[in-house]
Amino acid sequence: MDKKLHLISLGCTKNLVDSEVMLGRLKDYENTQNLEEADVIIINTCGFIEAAKQESVQEILKALENKRKDSILVASGCLSERYAKELREEIPEIDIITGVGDYDKIDLMLEERKRSGKTIDAGVHKGVFLATEENKRIISGSSIHAYIKLSEGCNQKCSFCAIPSFKGKLHSRTLESSLKELKNLVKEGFRDFSFISQDTSSYMMDLGIKDGLVRLIEEIDKLYYEGLEIRSARILYLYPSTTSKELIEAIINSPVFVNYFDMPLQHASSKVLKAMNRSTKYKELLKQMQKAPNAFLRTSFIIGHPGEEEEDFQELCDFIEEYRFDRMNLFAFSSEEGTKSASMEQIEPKLIKARLKKIDTIFSKQYKEGLKNLLHQEIDVIIEGKSQEHEFFFSARDIRFAPQIDGEILINDKEIDEELQTGYYRVKITQIAGENPVGCVIGKL
């Protein structure tokens, strides 16, 4: 194997699945972390908000500065889909620009580039690619966990979001397709799964099935009882407007799905939520989630949306103080061209920054209190391997946690005789080191 590939996947985990499809198509390439020795460099870009767009452009420019003259540079993904014309004009050195529709054709595009020597604008404005069980992926970053993407696009009409403008309406896989991929991944040795999409709780609504996600959970539970070696799973991105009490109950009653509830609320003020064109009906859902045994709640908030007055912001602060989420993403409002929110009167960036700081202070205090409460507790974890940040520790996560976003538990001791490896363990938290719990393995699950 003498061909080398350097791939950078930016943005969300949905983007990562598409990157893994490209890795599968380019399995004859050796992956390299050294950009300068790569024959092919792929930047799978993100174009969601301004900060993500800037990061994508910076990675492209970095690749151009450091790559060999004869290597091929590919810009794929959301930024390429939204701004293909601008990228071609501003960075003509890019060899291949492809959007969100042709991840499974990356090998053909590279062959065409090598054959013709011409720059290629491919797969832009041709629809959205959605991986199925027929697309061979190379799972990256873990030997035990895999993401499964259930749908692409979105039927929501949030006033601040540009995603539907370039990813289109909701397009779901069939239930059979999703289950086949799950079974295939279990055969490969994966045991822990995260089910993802832009609006996961709307899964299969475009196919005329209202309770698609409930059906998926029930079918996976059946497979578990029939002997499928799946150990744990979680669902990311539940929309308030499409999440039902029946769905929450299905998660709670499942022997496979952990009580992980990731519901981006975006705000607490009814006035601001209406300006965002978001649902204001979520508190009963939150109460039901919080009552679930060993529940873990994650959410997201946008600070500084047009029309957010001081009383709206204070209402959000009070709401966060009351509900105490386990994890929280905070975003400064990003004015995206073509969206309704971009045409509204904007709030001064300085004020948004001050509000972000206040919210962050509130949540940081809650987060630290949560860490202290972990001390001396026993929890079930998944050990992924050696910690990349701390070479003398193993890296683990609470079985409920989604990989990479919910934190790392450091393992530095064990009471069992066997050597630690990737898998499921019982751990006692012995200390808190900064923002990392430190634990001792007391048993294997």
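**Close-up views of a predicted model**

**View 1. Helices α7 and α8 pack against each other at an angle of about 40°.** In this predicted model, helix α7 covers residues 175-187 and helix α8 covers residues 212-225, and their axes lie 11 Å apart. That angle makes α7 oblique to α8. The crossing of α7 past α8 is right-handed. Looking at the contact itself, you will find Leu175, Ser178, Leu179, Leu182 and Lys183 on the α7 side. They meet Arg215, Leu216, Glu219, Ile220 and Leu223 of α8.

**View 2. Six strands with parallel pairing make up an open sheet.** Their order across the sheet is β7-β10-β11-β12-β13-β14. The edges belong to β7 (145-149) and β14 (327-332), each of which pairs on one side only. From one strand to the next, the twist averages 20°. The next three views stay with this sheet.

**View 3. Strand β10 (residues 192-196) is largely enclosed by the rest of the structure, because five of its five residues are buried.** In a regular strand, side chains alternate between the two faces of the sheet. Here, Asp192, Ser194 and Ile196 are on one side of β10, while Phe193 and Phe195 are on the other. Both faces are covered, and these residues are all buried. It is worth following the pairing of β10 in both directions. Towards β7, five bridges join the two strands in a parallel arrangement, and Lys149 has Ile196 of β10 as its bridge partner. Towards β11, the pairing is also in the parallel sense and extends over four bridges, with Ser194 standing opposite Arg234 of β11.

**View 4. Strands β12 and β13 run parallel and are joined by three bridges.** Strand β12 spans residues 257-262, and strand β13 spans residues 296-303. One pair to pick out is Asp262 with its bridge partner in β13, Arg298.

**View 5. Helices α9 and α12 pack on the open sheet.** Helix α9 (residues 245-253) touches β11 (232-235) and β12. The direction of α9 makes about 140° with that of β12. Helix α12 (residues 310-323) is in contact with β13 and β14. For α12, the angle with the direction of β13 is about 165°.

**View 6. Cys154, Cys158 and Cys161 are listed by UniProt under "binding site", in an unreviewed entry.** The close-up follows two of these cysteines, starting with Cys158. Its place is in the loop between β8 (151-152) and α6 (163-167). Is Cys158 buried or exposed? With a relative accessibility of 11%, Cys158 counts as buried, because the cut-off for buried is under 20%. Leaving aside residues up to four places away in sequence, Cys158 touches Tyr239, Met276, Asn277 and Arg278. Cys161 also lies in the loop between β8 and α6. The relative accessible area of Cys161 is 16%, and this cysteine is buried. Which residues does Cys161 touch, not counting residues up to four places away in sequence? They are Phe48 and Thr339.

**View 7. Five strands close into a barrel with mixed pairing.** Follow the strands in the order β15-β16-β17-β19-β18. On average, neighbouring strands of this sheet are turned by 55° against each other, direction ignored. The mixture of pairing senses can be traced strand by strand in the two views that follow.

**View 8. In the barrel, β15 (residues 378-386) pairs with both β18 and β16.** Six bridges link β15 to strand β18 (residues 423-433), and these two strands run antiparallel. Asp380 has Arg426 of β18 as its bridge partner. With strand β16 (residues 394-398), β15 pairs in the antiparallel sense over five bridges. On that side, Val381 stands opposite Asp398 of β16.

**View 9. Strands β17 and β19 of the barrel run parallel.** How many bridges join β17 to β19? Four bridges connect β17, residues 409-414, with β19, residues 436-444. Among the residues to look for are Asp413 and its bridge partner in β19, Cys440.

Conventions
Residues are numbered from 1 along each chain as its sequence is written. This is a predicted model: local features need pLDDT of at least 70, side-chain atom pairs count only at pLDDT 80 or more; totals for chains, interfaces and linings use all residues. Side-chain values use heavy atoms; hydrogens and water are left out. Two strands pair if DSSP finds at least two bridges between them. Axes are lines fitted to C-alpha atoms, for helices over the stretch in contact, and angles run from 0 to 180 degrees between N-to-C directions. UniProt positions are given in the numbering used here, feature names are shortened, and annotations may be inferred rather than shown by experiment. Buried means under 20% relative accessible area, exposed over 50%, partly exposed in between (1.4 Å probe, protein chains only). Contact means heavy atoms within 4.5 Å. Angles under 35 degrees count as roughly parallel, over 145 as roughly antiparallel, 65 to 115 as roughly perpendicular and the rest as oblique. A crossing is left-handed if the near helix is turned anticlockwise from the far one by less than a right angle, and right-handed if clockwise.
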